[in-house]
Amino acid sequence: MSIEQDKKIQSLYASLKNVMEQKLSKDDQEEFLEWSHKLLLDNFHEKEKNKLLSQIRVIKNNNDIESKQLFRKLKNQKKKHEPANYPSNLSLGDIVYVRYGFPYCSEMGDSHYGIVMSPIQGSSYLIIPLSSEPFKKCELGLVGLNLPNKEHIGGEKVSYVIFNHAKFIHYRRLENINGCGKRNVGNKLYEINKKFLDFLNLPLDANNIT
């Protein structure tokens, strides 16, 4: 690292601290720092896991004793870089706990339940979040999901599908639902899919694309 680069980094640290103290509440500062910490660690672990995967692929078909021993060693090392609470073997319609983190402007932030809407693509799933507040332009409420809620309110809690915040989410943002078994929207998935396509309003006719 050059002296100039070191000075620039220290200046950015100081500027960031100043902006946080002036523009953010204490709660927002805490949320931002916690999310930044998670983001940095997750990126580190993902890079290390991918390095080990590359080494594993090279030797996985080798049958000599040395290669097999190295294969087992690398697999054990890879496990150390995998998220502990990741809900593996996800299916369409499964409900997961999503760590959206510190929001960018009006994007969804914090943590919400979300519905898995696609198989894994690369390292990400298409997720549509759920909220206690409806999305008025395309309202769809689901009942009977039996999800834990912060308010501990009994009865039939309505979870609204927030179509305008659907996005591909890296698997490291997904977690199992604490204190709750696996949840799936079941036969409601067809209605969600149909409503989602209506919301997107994509021009399927090439002649209508401008």
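1. Start with aspartate 94 and what surrounds it in this predicted model. Setting aside neighbours within four places in sequence, aspartate 94 is in contact with Asn89, Gly114, Ile115, Val116, Lys182, Arg183 and Asn184. The residue lies in strand β1. Its relative accessibility is 2%, so aspartate 94 counts as buried, the cut-off being under 20%. Two polar links involve the aspartate 94 side chain. One reaches the backbone nitrogen of serine 91 at 2.8 Å. The other joins the side chain to that of asparagine 184, at 2.7 Å. Asparagine 184 thus appears both in the contact list of aspartate 94 and in a polar contact with its side chain.

2. Next along the chain is isoleucine 95, also in strand β1, which covers residues 94-101. Isoleucine 95 has a relative accessible area of 5% and is buried. Beyond residues up to four places away in sequence, isoleucine 95 touches Tyr113, Gly114, Leu130, Leu145, Leu147, Ile177, Arg183, Asn184 and Val185. Gly114, Arg183 and Asn184 are among the contacts of isoleucine 95, and they are among those of aspartate 94 too. The C-alpha atoms of isoleucine 95 and glutamate 175 are separated by 9.8 Å, with their positions 80 residues apart along the chain.

3. What does the side chain of glutamate 175 make a polar contact with? Its partner is the side chain of arginine 99, at 3.2 Å. Glutamate 175 sits in strand β7, residues 174-175. At 16% relative accessibility, glutamate 175 counts as buried. Leaving out neighbours within four places in sequence, its contacts are Asn85, Pro87, Val96, Tyr97 and Arg99. Glutamate 31 is 144 residues apart from glutamate 175 in sequence, and the two are 18 Å apart in space, C-alpha to C-alpha.

4. Serine 159 belongs to strand β5, residues 159-161. Is serine 159 buried or exposed? It is buried, with a relative accessible area of 7%. Outside the residues up to four places away, serine 159 touches Leu130, Ser131, Leu140, Gly141, Leu142, Leu145 and Leu147. Leu130, Leu145 and Leu147 are among these contacts, and isoleucine 95 touches them as well.

5. Now the helices. Lysine 49 is found in helix α2, residues 26-59. A lysine can be checked for burial like any other residue: at 11% relative accessibility, lysine 49 counts as buried. Its side chain makes a polar contact of 2.7 Å with the side chain of tyrosine 171. Contacts of lysine 49, not counting residues up to four places away in sequence, are Lys78, His81, Glu82, Tyr171 and Arg172. Lysine 49 and serine 11 are 38 residues apart in sequence but 32 Å apart in space, C-alpha to C-alpha.

6. How do α2 and helix α3 pack, in angle and axis distance? The angle is about 160 degrees and the axes are 10 Å apart; α3 spans residues 65-79. The two helices are therefore roughly antiparallel to each other, a label for angles over 145 degrees. The crossing of α2 past α3 is left-handed. On the α2 side the contact is made by Lys49, Leu52, Leu53, Gln55, Ile56 and Ile59. On the α3 side it is made by Ser67, Leu70, Phe71, Leu74, Lys75, Gln77 and Lys78. By type, the residues of this contact divide into seven nonpolar, three polar and three charged.

7. Helix α1, residues 3-23, also packs with α2. Their angle is about 145 degrees, with the axes 9 Å apart. Here Leu16, Met20 and Glu21 of α1 meet Gln29, Phe32 and Leu33 of α2. These residues divide into four nonpolar, one polar and one charged.

8. Two asparagines deserve a look at the backbone. Most residues other than glycine have a negative phi. Asparagine 89 has a phi near 55 degrees, a positive value in a residue other than glycine. It is found in the loop between α3 and β1. At 67% relative accessibility, asparagine 89 counts as exposed. Asparagine 89 is also one of the contacts of buried aspartate 94.

9. Asparagine 146 likewise has a positive phi, near 55 degrees. Its place is in the loop between β4 (141-142) and β5. Asparagine 146 counts as exposed, at 58% relative accessibility.

Methods: Residues numbered from 1 in each chain as written. Predicted model: local features only at pLDDT ≥ 70, side-chain atom pairs only at ≥ 80, totals over all residues. Heavy atoms only, no water. Helix = DSSP H or I, 4+ residues; strand = E, 2+ residues; numbered from the N terminus. Buried < 20%, exposed > 50% of the residue type's maximum accessible area, 1.4 Å probe, protein only. Contact = heavy atoms within 4.5 Å. Polar contact = N/O pair within 3.5 Å; in protein donor to acceptor, adjacent residues only side chain to side chain. Axes fitted to C-alpha atoms, helices over the stretch in contact; angles between N-to-C directions. Parallel < 35°, antiparallel > 145°, perpendicular 65-115°, else oblique. Left-handed = near helix turned anticlockwise from the far one by under 90°. Nonpolar A, V, L, I, M, F, W, Y, C, P; charged D, E, K, R; others polar.
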